[in-house]
Amino acid sequence: FVGWLISCIGIIIVYYNWGILAAKSQETVYIEVTVWLNVVLCTLIWLIFYNLFHTMYTKLKRSEVSYKMLFDQNPNPMWVFELGTYHFIYVNQAAIGHYGYSKEEFLNMTIKDIRPEEDVQRLNDIAIKKMELGYHELGIWRHKKKNGEIIWVEISVSRIEMAGKIVGMVMAKDITQSYIAQRNCEELKNKLQNILDSITDAFCSINQAFEFTFINRAYANVLP
């Protein structure tokens, strides 16, 4: 609004001076009107660029604020780290509460420090530095809390540009309970299968469609 107001005032001034200059010689009128037109043209160009820059800057700041709010208020632990050194740059409150480290402690650590030593090589092998920009799912990892507790987490990482350099932004979803439950279920299933395979009697199970869902080794031996 201010830009358009200034532009209108400039145009009014030009027309006002045009009427005054009309009484002068033709050559003087031409020169002075040309000067005024150049001044107004430059002013309009400046206002256009100013408005464009101001609009882009405002949208960028709003985007940064929204992005920071999503990061800080995310219920899952999140952090940003340097790709070269693996040092933490930012951590959200969920990470601080879940892992037990203070913000200052996190910023003096690397992402290797929240892993068991035997898992660090796996981190080096995935070569995050060479990944393309964008979102990547890295699967299930073991992490270590400050109190030494080992947890299982699903890791997703986004390679993004921040402050002129490429960094990694991570979200860690704790799936420890479901992962352990699934692993226990698989172990129980394997034990049951071993027991059934060890007996000499033929055994099988079928579903409602009379399809085999399980047969033991003895049953497999009697099949044609």
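These are my notes from going through this structure, which is a predicted model.

**The main sheet**

I started with the strands. Five of them form an open sheet, and reading across I get the order S2-S1-S5-S4-S3, paired antiparallel. Which strands stand at the edges? They are S2 (88-91) and S3 (134-144); each has a single partner strand, so one side of each is left without a neighbour in the sheet. I also looked up the twist: on average, neighbouring strands are turned by 25° against each other, direction ignored.

Next I looked at one pair inside the sheet. S4 (residues 150-162) and S5 (residues 165-174) run antiparallel and share 10 bridges. For a landmark on this pair I noted Ser 158, which sits opposite Met 169 in S5. Then I checked what packs on the sheet: helix H6 (residues 176-198) does, touching S3, S4 and S5. The direction of H6 makes about 130° with that of S4.

**The cores**

I turned to the nonpolar residues. The largest nonpolar core has 25 residues, and the ones touching the most other members are Trp 79, Phe 81, Phe 88, Tyr 99, Phe 106 and Ile 114. Which elements give two or more residues to this core? I wrote down strand S1 (78-82), S2, helix H3 (93-99), S3, S4 and S5. S4 gives the most, with four residues.

I picked Phe 88 for a closer look. Leaving out residues up to four places away in sequence, Phe 88 touches Trp 79, Val 80, Phe 81, Phe 106, Leu 107, Met 109, Thr 110, Ile 111 and Ile 114.

There is also a second, separate core of six residues, and Phe 71, Met 78, Val 167 and Met 169 are among them. I had already met Met 169 as the residue opposite Ser 158.

**The S6-S7 hairpin**

Further along the chain I found S6 (residues 204-206) and S7 (residues 212-215), antiparallel and joined by three bridges. Here Cys 204 stands opposite Ile 215 in S7. Five residues lie between the two strands of this hairpin.

**Two positive phi angles**

Last, I went after backbone oddities. Tyr 86 has a positive phi of about 70° although it is not a glycine, and I found this residue in the loop between S1 and S2. Phe 210 is not a glycine either, yet has a positive phi of about 60°; this one lies in the loop between S6 and S7.

Is Tyr 86 buried or exposed? Its relative accessible area is 6%, under the 20% cut-off, so I logged Tyr 86 as buried. Phe 210 comes out at 69%, over the 50% cut-off, so I logged Phe 210 as exposed.

Note on methods. Residues numbered from 1 in each chain as written. Predicted model: local features only at pLDDT ≥ 70, side-chain atom pairs only at ≥ 80, totals over all residues. Heavy atoms only, no water. Pairing = 2+ DSSP bridges. Axes fitted to C-alpha atoms, helices over the stretch in contact; angles between N-to-C directions. Contact = heavy atoms within 4.5 Å. Core = buried A, V, L, I, M, F, W, Y, C linked by side-chain atoms within 4.5 Å. Buried < 20%, exposed > 50% of the residue type's maximum accessible area, 1.4 Å probe, protein only.
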